[in-house]
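Thanks for asking me to look this one over with you. Please have the sequence and the model open side by side as you read.

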Amino acid sequence: MERDKTKSGKPAKAYTRPRGGGARAISDLMPQIGRSAFRRFGFVQSSVISRWPEIVGEIHARVCTPEMIRFPPGEKSEGIMHLVVKPAHAPLVQQVIPEIVERVNRFFGYRAVARIKLRQGAVKPPPGRDKPKAPPSLKPIPMELGDSLRDIGDPELRTVLESLARSLGSQEDGNEDR
């Protein structure tokens, strides 16, 4: 019982660990968790990998992916970026290396990359990018929708407007029955 009292004879308070606030989203925690692993493999910012399709474009992101950036000792500029490239696309990527260097440096905001080295290998497609597109509607456009939808040149916009018009038309049909 003596352990539960302080020197002044008053009962000791039980230690409670301070809380860090509410729950945090896992997406907020991931950059801190992966930071040491990314730095070990040569990436100063993990966002280079996660935002690669935005940096170089969808077409190049399908055929090449960053592997690491090696900087001179003690420096954080004038580095060498190592890219993994699909073997069949290596000559194409080699031709656009200056453009890739420019885009990566624009992303960093300074001359982080001076050169690029290519390594041929398997490249995983960017996550969530290769989803198949929904086929256009095979139903003909009803005559009551008029010719205005037929004049729209963008097929995706036309499909969305047709779908909207059909859903509005079906709602009106449902209201007449009541």
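The points below go from the overall layout to the sheet, the core and a few aromatic residues.

1. A word on the source before anything else: this is a predicted model. Please keep that in mind when reading the values below, which are all computed.

2. Let's begin with the overall layout. The chain contains 7 helices and 3 strands, and from start to end these elements follow the order α-α-α-α-β-β-α-α-β-α. If you trace the chain on screen, that pattern is a handy guide: four helices, then two strands, two helices, a further strand and a closing helix.

3. Next, the chain as a whole. Of its 178 residues, 24% are buried. The exposed surface comes to about 13,700 Å², with 55% of that area supplied by carbon and sulfur atoms. As for contacts between residues at least 6 apart in sequence, 56% of them link residues at least 24 apart.

4. The sheet is a good place to look next. Its 3 strands make an open sheet in the order 1-2-3, with mixed pairing. Strand 1 and strand 3 each have a single partner strand, so they form the edges and each has one side without a neighbour in the sheet. From one strand to the next, the twist averages 25°.

5. How do the strands pair? Strand 1 and strand 2 run antiparallel and are joined by 6 bridges; here P66 sits opposite L83 of strand 2. Strand 2 and strand 3 are parallel, with 7 bridges between them, and M81 has I116 of strand 3 as its bridge partner. Helix 6 packs on this sheet and touches strand 1, strand 2 and strand 3, while its direction makes about 125° with that of strand 3.

6. Is strand 2 largely enclosed or largely open? Buried residues account for 6 of its 7 positions, so strand 2 is largely enclosed by the rest of the structure.

7. Now for the interior. In soluble globular proteins, nonpolar side chains tend to be buried together. In this model the largest nonpolar core has 23 residues, and those touching the most other members are W52, M81, L83, I100, V104, V113 and I116. Two or more residues each are given by helix 3 (52–56), helix 4 (58–63), strand 1 (64–70), strand 2 (79–85), helix 5 (90–95), helix 6 (97–108) and strand 3 (113–120). Helix 6 provides the largest share, 5 residues.

8. W52 deserves a closer look. Which residues does W52 contact, leaving aside neighbours within four places in sequence? They are S47, G57, A61, C64, T65, P66, M81, L83, I100 and V104. Among these, M81, L83, I100 and V104 are also named with W52 as core residues that touch the most other members.

9. Finally, the aromatic residues. The structure has 2 aromatic pairs. In the pair of F107 and F108, the ring centres are 5.8 Å apart and the planes lie at 70°, so this pair is edge-to-face. F107 is partly exposed, at a relative accessible area of 23%, whereas F108 counts as buried, at 13%; the cut-off for buried is under 20%. Together with Y110, F107 and F108 form one aromatic cluster.

Definitions and conventions. Residues are numbered from 1 along each chain as its sequence is written. This is a predicted model: local features need pLDDT of at least 70, side-chain atom pairs count only at pLDDT 80 or more; totals for chains, interfaces and linings use all residues. Side-chain values use heavy atoms; hydrogens and water are left out. Buried means under 20% relative accessible area, exposed over 50%, partly exposed in between (1.4 Å probe, protein chains only). Contact means heavy atoms within 4.5 Å. Accessible areas come from the Shrake-Rupley method with a 1.4 Å probe; for residues, only the protein chains shown count as cover. Rings of Phe, Tyr and Trp (its six-membered ring) pair if their centres lie within 6.5 Å; planes under 30 degrees apart count as stacked, over 60 as edge-to-face and the rest as tilted. A nonpolar core is a set of buried Ala, Val, Leu, Ile, Met, Phe, Trp, Tyr and Cys residues joined through side-chain atoms within 4.5 Å. Two strands pair if DSSP finds at least two bridges between them. Axes are lines fitted to C-alpha atoms, for helices over the stretch in contact, and angles run from 0 to 180 degrees between N-to-C directions.
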